[in-house]
Amino acid sequence: MKGLICQMKSVGRDRFCILSFLLPVVVALALNVTGSIDLSSLGEYYFCVVDGEVTDEVQEWLWGYGDVMVCQTREEWISAIREPSTNLIGVEMDKKGVRTIVSGDELPLWQQAAATLPALYEQRGAAAEVSIQILDQPDVLAGIKYLFMAMTLITAMYMGCTFNAMNIISEKEEGVSLINEILPMTPRQYVVQKIFIGFVFGCLSALIAAAVCFRLSPAGAAVMFVLTILSAFVAALAGLLIGRISDEMMIGVAYIKIVMIVFIAVPLLK
(Lines give C-alpha, C1' and ligand atoms only; values in the text may rest on other atoms or scores of the structure.)
Protein backbone atom coordinates (compact mmCIF):
# COMPACT_ATOMS: atom_id res chain seq x y z
CA MET A 1 0.00 0.00 0.00
CA LYS A 2 2.87 2.36 0.78
CA GLY A 3 4.35 1.62 -2.64
CA LEU A 4 1.09 2.63 -4.33
CA ILE A 5 1.00 5.84 -2.29
CA CYS A 6 4.55 6.64 -3.43
CA GLN A 7 3.55 6.02 -7.04
CA MET A 8 0.56 8.34 -6.64
CA LYS A 9 2.80 11.06 -5.23
CA SER A 10 5.16 10.60 -8.17
CA VAL A 11 2.29 11.04 -10.62
CA GLY A 12 1.06 14.14 -8.81
CA ARG A 13 4.46 15.81 -9.20
CA ASP A 14 4.81 14.90 -12.87
CA ARG A 15 2.80 17.30 -15.02
CA PHE A 16 3.51 15.26 -18.14
CA CYS A 17 1.79 12.22 -16.63
CA ILE A 18 -1.24 14.27 -15.64
CA LEU A 19 -1.39 15.81 -19.11
CA SER A 20 -1.11 12.36 -20.73
CA PHE A 21 -4.13 11.06 -18.84
CA LEU A 22 -6.20 14.23 -19.32
CA LEU A 23 -5.37 14.73 -23.00
CA PRO A 24 -7.83 12.08 -24.34
CA VAL A 25 -10.62 13.66 -22.27
CA VAL A 26 -9.81 17.10 -23.67
CA VAL A 27 -9.76 15.71 -27.23
CA ALA A 28 -13.10 13.96 -26.64
CA LEU A 29 -14.63 17.23 -25.45
CA ALA A 30 -13.23 19.01 -28.50
CA LEU A 31 -14.68 16.38 -30.86
CA ASN A 32 -18.05 16.60 -29.14
CA VAL A 33 -18.10 20.39 -29.51
CA THR A 34 -16.72 20.41 -33.07
CA GLY A 35 -19.50 18.13 -34.24
CA SER A 36 -22.05 20.86 -33.47
CA ILE A 37 -20.15 23.70 -35.18
CA ASP A 38 -21.47 24.84 -38.55
CA LEU A 39 -18.52 24.81 -40.95
CA SER A 40 -20.55 25.73 -44.02
CA SER A 41 -19.23 29.31 -43.91
CA LEU A 42 -15.78 28.01 -44.81
CA GLY A 43 -17.04 27.18 -48.30
CA GLU A 44 -18.57 30.59 -49.02
CA TYR A 45 -17.13 32.99 -51.60
CA TYR A 46 -15.97 36.47 -50.66
CA PHE A 47 -16.04 39.31 -53.18
CA CYS A 48 -14.46 42.73 -52.96
CA VAL A 49 -15.68 45.82 -54.83
CA VAL A 50 -14.90 49.55 -54.84
CA ASP A 51 -17.64 51.81 -53.57
CA GLY A 52 -19.26 53.69 -56.46
CA GLU A 53 -17.53 51.71 -59.24
CA VAL A 54 -19.99 48.79 -59.16
CA THR A 55 -23.71 49.19 -59.60
CA ASP A 56 -26.18 48.20 -56.92
CA GLU A 57 -27.52 45.54 -59.28
CA VAL A 58 -24.12 43.85 -59.46
CA GLN A 59 -23.66 44.01 -55.70
CA GLU A 60 -27.07 42.48 -55.13
CA TRP A 61 -26.25 39.75 -57.63
CA LEU A 62 -22.93 39.03 -55.88
CA TRP A 63 -24.70 38.77 -52.52
CA GLY A 64 -26.55 35.78 -53.94
CA TYR A 65 -23.27 33.89 -54.23
CA GLY A 66 -21.35 35.05 -51.19
CA ASP A 67 -20.26 37.91 -48.99
CA VAL A 68 -19.38 41.29 -50.49
CA MET A 69 -16.74 43.61 -49.04
CA VAL A 70 -16.97 47.25 -50.09
CA CYS A 71 -13.73 49.29 -50.15
CA GLN A 72 -13.67 53.08 -50.18
CA THR A 73 -10.66 53.48 -52.49
CA ARG A 74 -9.07 51.46 -55.24
CA GLU A 75 -5.80 51.23 -53.30
CA GLU A 76 -7.65 49.67 -50.39
CA TRP A 77 -9.38 47.31 -52.82
CA ILE A 78 -6.07 46.12 -54.35
CA SER A 79 -4.48 45.75 -50.90
CA ALA A 80 -7.39 43.60 -49.71
CA ILE A 81 -7.11 41.34 -52.76
CA ARG A 82 -3.35 40.92 -52.31
CA GLU A 83 -3.67 40.04 -48.62
CA PRO A 84 -2.28 36.45 -48.36
CA SER A 85 -4.59 35.49 -45.50
CA THR A 86 -7.77 36.02 -47.56
CA ASN A 87 -9.38 34.47 -50.64
CA LEU A 88 -11.05 37.66 -51.83
CA ILE A 89 -12.19 37.85 -55.45
CA GLY A 90 -12.00 41.40 -56.77
CA VAL A 91 -14.93 42.42 -58.98
CA GLU A 92 -15.11 45.53 -61.18
CA MET A 93 -17.28 46.68 -64.06
CA ASP A 94 -16.29 45.94 -67.65
CA LYS A 95 -17.71 46.85 -71.05
CA LYS A 96 -19.21 43.36 -71.34
CA GLY A 97 -20.31 43.10 -67.72
CA VAL A 98 -17.94 42.36 -64.87
CA ARG A 99 -14.30 41.42 -64.58
CA THR A 100 -12.65 39.53 -61.72
CA ILE A 101 -9.17 40.02 -60.29
CA VAL A 102 -7.29 37.65 -57.97
CA SER A 103 -3.80 37.76 -56.49
CA GLY A 104 -2.92 34.19 -57.54
CA ASP A 105 -2.39 32.70 -54.08
CA GLU A 106 -6.04 31.69 -53.60
CA LEU A 107 -7.18 28.10 -53.42
CA PRO A 108 -7.97 26.47 -56.79
CA LEU A 109 -11.69 26.48 -55.99
CA TRP A 110 -11.70 30.28 -55.62
CA GLN A 111 -9.59 30.76 -58.73
CA GLN A 112 -12.01 28.64 -60.74
CA ALA A 113 -14.95 30.63 -59.37
CA ALA A 114 -13.24 33.89 -60.35
CA ALA A 115 -12.66 32.59 -63.88
CA THR A 116 -16.29 31.55 -64.42
CA LEU A 117 -17.93 34.53 -62.69
CA PRO A 118 -17.98 36.89 -65.76
CA ALA A 119 -19.64 34.23 -67.94
CA LEU A 120 -22.10 33.49 -65.17
CA TYR A 121 -22.99 37.18 -64.96
CA GLU A 122 -23.63 37.36 -68.72
CA GLN A 123 -26.03 34.42 -68.44
CA ARG A 124 -27.71 35.65 -65.24
CA GLY A 125 -31.03 36.00 -67.03
CA ALA A 126 -31.10 32.35 -68.07
CA ALA A 127 -29.77 31.26 -64.68
CA ALA A 128 -32.63 33.05 -62.90
CA GLU A 129 -35.14 30.84 -64.69
CA VAL A 130 -33.54 27.64 -63.44
CA SER A 131 -35.35 26.00 -60.51
CA ILE A 132 -33.13 25.45 -57.48
CA GLN A 133 -33.65 22.86 -54.76
CA ILE A 134 -31.75 23.51 -51.52
CA LEU A 135 -30.74 20.36 -49.67
CA ASP A 136 -29.88 20.07 -46.00
CA GLN A 137 -26.29 20.93 -45.19
CA PRO A 138 -24.42 17.66 -44.52
CA ASP A 139 -22.25 17.30 -41.47
CA VAL A 140 -18.68 17.79 -42.62
CA LEU A 141 -17.29 15.60 -39.83
CA ALA A 142 -19.96 12.89 -40.05
CA GLY A 143 -17.73 10.51 -42.00
CA ILE A 144 -14.64 10.78 -39.80
CA LYS A 145 -15.98 11.89 -36.43
CA TYR A 146 -16.44 8.37 -35.08
CA LEU A 147 -13.01 7.38 -36.42
CA PHE A 148 -11.44 10.18 -34.38
CA MET A 149 -13.49 9.11 -31.35
CA ALA A 150 -12.25 5.53 -31.69
CA MET A 151 -8.65 6.73 -31.97
CA THR A 152 -9.12 8.89 -28.87
CA LEU A 153 -10.50 5.99 -26.83
CA ILE A 154 -7.77 3.59 -27.93
CA THR A 155 -5.12 6.19 -27.17
CA ALA A 156 -6.60 6.69 -23.69
CA MET A 157 -6.47 2.95 -23.06
CA TYR A 158 -2.83 2.91 -24.18
CA MET A 159 -1.67 5.67 -21.82
CA GLY A 160 -1.00 3.12 -19.08
CA CYS A 161 1.64 1.45 -21.24
CA THR A 162 3.55 4.68 -21.77
CA PHE A 163 3.39 5.64 -18.09
CA ASN A 164 4.49 2.25 -16.75
CA ALA A 165 7.33 1.88 -19.23
CA MET A 166 8.67 5.40 -18.66
CA ASN A 167 8.38 4.98 -14.89
CA ILE A 168 10.43 1.79 -14.80
CA ILE A 169 13.05 3.07 -17.26
CA SER A 170 13.43 6.29 -15.26
CA GLU A 171 13.97 4.25 -12.09
CA LYS A 172 16.70 2.29 -13.86
CA GLU A 173 18.49 5.43 -14.99
CA GLU A 174 18.20 7.07 -11.54
CA GLY A 175 19.28 3.93 -9.64
CA VAL A 176 15.95 3.44 -7.87
CA SER A 177 15.64 -0.06 -9.37
CA LEU A 178 18.69 -1.14 -7.34
CA ILE A 179 16.88 -0.12 -4.18
CA ASN A 180 13.76 -2.01 -5.26
CA GLU A 181 15.81 -5.20 -5.59
CA ILE A 182 16.76 -5.21 -1.91
CA LEU A 183 13.39 -4.16 -0.53
CA PRO A 184 11.23 -6.85 1.15
CA MET A 185 8.83 -6.96 -1.77
CA THR A 186 7.53 -10.04 -3.57
CA PRO A 187 7.32 -10.19 -7.38
CA ARG A 188 3.53 -10.03 -7.11
CA GLN A 189 3.70 -6.84 -5.06
CA TYR A 190 6.14 -5.32 -7.53
CA VAL A 191 3.90 -6.11 -10.50
CA VAL A 192 0.81 -4.70 -8.77
CA GLN A 193 2.68 -1.58 -7.74
CA LYS A 194 4.00 -0.93 -11.24
CA ILE A 195 0.86 -1.56 -13.29
CA PHE A 196 -1.76 -0.24 -10.87
CA ILE A 197 -1.39 3.49 -11.59
CA GLY A 198 -1.22 3.15 -15.37
CA PHE A 199 -4.10 0.68 -15.40
CA VAL A 200 -6.43 2.69 -13.16
CA PHE A 201 -5.81 6.06 -14.77
CA GLY A 202 -5.95 4.55 -18.26
CA CYS A 203 -9.36 3.09 -17.43
CA LEU A 204 -10.62 6.38 -15.98
CA SER A 205 -9.37 8.39 -18.94
CA ALA A 206 -10.96 6.00 -21.46
CA LEU A 207 -14.27 5.74 -19.58
CA ILE A 208 -14.62 9.52 -19.21
CA ALA A 209 -13.78 9.98 -22.91
CA ALA A 210 -16.34 7.31 -23.84
CA ALA A 211 -18.99 8.99 -21.69
CA VAL A 212 -18.31 12.30 -23.45
CA CYS A 213 -18.24 10.87 -26.97
CA PHE A 214 -21.10 8.36 -26.91
CA ARG A 215 -24.60 8.00 -25.54
CA LEU A 216 -24.59 4.27 -24.83
CA SER A 217 -27.39 2.01 -23.71
CA PRO A 218 -26.89 0.01 -20.49
CA ALA A 219 -25.86 -3.05 -22.51
CA GLY A 220 -23.48 -1.00 -24.65
CA ALA A 221 -22.03 0.67 -21.57
CA ALA A 222 -21.37 -2.74 -20.00
CA VAL A 223 -19.58 -3.94 -23.14
CA MET A 224 -17.56 -0.72 -23.28
CA PHE A 225 -16.61 -1.09 -19.61
CA VAL A 226 -15.37 -4.66 -20.07
CA LEU A 227 -13.49 -3.72 -23.24
CA THR A 228 -11.85 -0.77 -21.49
CA ILE A 229 -10.79 -2.88 -18.51
CA LEU A 230 -9.23 -5.56 -20.71
CA SER A 231 -7.51 -3.11 -23.05
CA ALA A 232 -6.11 -0.95 -20.25
CA PHE A 233 -4.82 -4.04 -18.45
CA VAL A 234 -3.09 -5.34 -21.58
CA ALA A 235 -1.55 -1.91 -22.19
CA ALA A 236 -0.36 -1.62 -18.57
CA LEU A 237 1.13 -5.11 -18.71
CA ALA A 238 2.86 -4.29 -22.00
CA GLY A 239 4.32 -1.18 -20.39
CA LEU A 240 5.69 -3.33 -17.55
CA LEU A 241 7.38 -5.71 -19.99
CA ILE A 242 8.81 -2.85 -22.08
CA GLY A 243 10.22 -1.21 -18.97
CA ARG A 244 11.85 -4.43 -17.82
CA ILE A 245 13.58 -5.23 -21.14
CA SER A 246 14.65 -1.64 -21.94
CA ASP A 247 17.95 -0.40 -20.54
CA GLU A 248 17.80 3.10 -22.06
CA MET A 249 15.11 5.68 -22.59
CA MET A 250 15.50 5.74 -26.38
CA ILE A 251 15.20 1.96 -26.63
CA GLY A 252 12.08 2.10 -24.49
CA VAL A 253 10.58 4.84 -26.67
CA ALA A 254 11.22 2.73 -29.79
CA TYR A 255 9.49 -0.29 -28.20
CA ILE A 256 6.59 1.89 -27.06
CA LYS A 257 6.09 3.26 -30.59
CA ILE A 258 6.12 -0.23 -32.12
CA VAL A 259 3.60 -1.59 -29.63
CA MET A 260 1.48 1.57 -29.96
CA ILE A 261 1.23 1.13 -33.74
CA VAL A 262 0.01 -2.46 -33.30
CA PHE A 263 -2.29 -1.52 -30.39
CA ILE A 264 -3.98 1.31 -32.31
CA ALA A 265 -3.77 0.18 -35.94
CA VAL A 266 -5.26 -3.31 -35.56
CA PRO A 267 -8.61 -2.21 -34.03
CA LEU A 268 -8.95 0.69 -36.49
CA LEU A 269 -8.30 -1.53 -39.50
CA LYS A 270 -10.92 -3.96 -38.23
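**Note on helix packing, sheet and helix bends**

1. Helix α3 passes helix α5 in a right-handed crossing. The model is a predicted one. The two helices, α3 (residues 56–63) and α5 (residues 108–122), pack at an angle of about 115°. Their axes lie 12 Å apart.

2. Which residues make the contact between α3 and α5? From α3 come Glu 57, Val 58, Trp 61 and Leu 62. From α5 come Leu 117, Leu 120 and Tyr 121. By class, six of the contact residues are nonpolar, one is charged, and none is polar. The charged one is Glu 57, because Glu counts as charged, while Val, Trp, Leu and Tyr count as nonpolar.

3. The sheet is open and has four strands. Their order is β2-β1-β3-β4, with mixed pairing. At the edges sit β2 (66–71) and β4 (98–101), each pairing on one side only. From one strand to the next, the twist averages 30°.

4. Within that sheet, look at β1 and β2. Strand β1 (residues 45–50) runs parallel to β2, and six bridges join the pair. One position to inspect is Val 49, which stands opposite Val 70 in β2.

5. Helix α7 covers residues 145–174, 30 residues in total. From first C-alpha to last, α7 reaches 43 Å. That is close to the 44 Å expected at 1.5 Å a residue. Where is the kink in α7 centred? It is centred on Met 157, with an angle of about 35°. Just after α7 comes Gly 175, with a positive phi of about 85°.

6. Helix α9 takes up residues 187–213, which is 27 residues. Its reach from first C-alpha to last is 38 Å, close to the expected 39 Å at 1.5 Å a residue. At Ile 195, α9 bends by about 40°. So for α9, as for α7, the end-to-end reach is close to the expected value, and each helix still has a bend: at Met 157 in α7 and at Ile 195 in α9.

Terms used. Residues are numbered from 1 along each chain as its sequence is written. This is a predicted model: local features need pLDDT of at least 70, side-chain atom pairs count only at pLDDT 80 or more; totals for chains, interfaces and linings use all residues. Side-chain values use heavy atoms; hydrogens and water are left out. The bend at a residue is the angle between axes fitted to the seven residues ending there and the seven starting there. Two strands pair if DSSP finds at least two bridges between them. Axes are lines fitted to C-alpha atoms, for helices over the stretch in contact, and angles run from 0 to 180 degrees between N-to-C directions. A crossing is left-handed if the near helix is turned anticlockwise from the far one by less than a right angle, and right-handed if clockwise. Contact means heavy atoms within 4.5 Å.
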